[in-house]
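I opened this entry to record what I looked up in the model, in the order I looked. Confidence comes before anything else.

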Amino acid sequence: MDDDLITERRPVAFPQVFGYLRHVTGGLPRHAALVDCLTEYCDRHELALCGVFTERDSTVIIRSPAFVGLLDVLELPDAYGAVVPALSHLGPKDLGTERKRQITAIGARLIVVRPLTPTMGSPSSLGASHSFRPQGDA
């Protein structure tokens, strides 16, 4: 019989993820609530949140400094993926689609805390989930 310990008994580090927020409006309490959302999600799902990149410029460009920083750390050997509160944090539709493509093209996972999942008969798929409720200014 193999003397190696089974996986559950080995010290396994949580997968390393990095947060990304597009926070161009609202104050510090709103930003703190968004970071708390990412932290709580990562804690619940056994992910190590190693940092959060925040885009504060309202200018819409694909290769913004915060996004370039995110891509740089996602290329590190131990990086697992990026986590965002919602897809809208990647930017408007075309920009968000391109950023999503760039994240997955380098082999990283994109984890969305509140994915848009419309249900039959629901008037809108944009309602907040039970696990995350916006706080403060919007």
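**Confidence**

I checked the scores first: this is a predicted model, and the protein averages a pLDDT of 80, with 75% of the residues scoring at least 70. I then looked for the weak stretch and found pLDDT under 50 over residues 119-138. For that stretch the model has 22 contacts beyond four places in sequence. Where pLDDT is low, the predicted coordinates should not be read in detail. I therefore left the contacts of residues 119-138 uninterpreted, as pLDDT stays under 50 there.

**Helix α1**

I went to α1 next, which runs over residues 28-44 and has 17 residues. From its first C-alpha to its last I get 24 Å, close to the 24 Å expected at 1.5 Å a residue.

Which residues of α1 are buried? I list Arg-30, His-31, Ala-33, Leu-34, Cys-37, Leu-38, Tyr-41 and Cys-42. I note that Arg-30 and His-31 are in that list beside Ala-33 and Leu-34.

What covers the buried residues of α1? I find that the cover includes four strands: β1 (16-22), β2 (48-55), β3 (79-84) and β4 (109-112).

I also looked past the end of the helix. α1 is followed by Glu-46, and the phi of Glu-46 is positive, near 55°.

**Salt bridges**

How many salt bridges does a search of the whole structure find? I get 2.

One is in α1, where Arg-44 pairs with Glu-40 and the closest N and O atoms are 2.8 Å apart. Arg-44 and Glu-40 are 4 residues apart in helix α1, so about one helical turn separates them. An α-helix has 3.6 residues a turn, so residues three or four places apart point the same way. I checked exposure too: Arg-44 is partly exposed at a relative accessible area of 44%, and Glu-40 is partly exposed at 41%.

The side chains of Glu-98 and Arg-101 also meet in a salt bridge, at 2.7 Å from N to O. Arg-101 lies in helix α3, residues 93-105. Because Glu-98 and Arg-101 are 3 residues apart in α3, they are separated by about one helical turn. I see the pair listed as a polar contact between the two side chains as well, at 2.7 Å.

Is Glu-98 buried or partly exposed? With a relative accessible area of 21%, Glu-98 is partly exposed, because buried means under 20%. Arg-101 is partly exposed too, with a relative accessible area of 45%.

Terms used
Residues are numbered from 1 along each chain as its sequence is written. Side-chain values use heavy atoms; hydrogens and water are left out. Helices (H or I, at least four residues) and strands (E, at least two) are DSSP runs, numbered from the N terminus. The expected span of a helix is 1.5 Å times one less than its number of residues. Buried means under 20% relative accessible area, exposed over 50%, partly exposed in between (1.4 Å probe, protein chains only). Contact means heavy atoms within 4.5 Å. A polar contact is a pair of N or O atoms within 3.5 Å; within protein, one must be able to donate a hydrogen and the other to accept it, and residues adjacent in sequence count only if both atoms are side-chain atoms. pLDDT is the predictor's confidence in each residue, from 0 to 100. A salt bridge is a side-chain nitrogen of Lys or Arg within 4 Å of a carboxyl oxygen of Asp or Glu.
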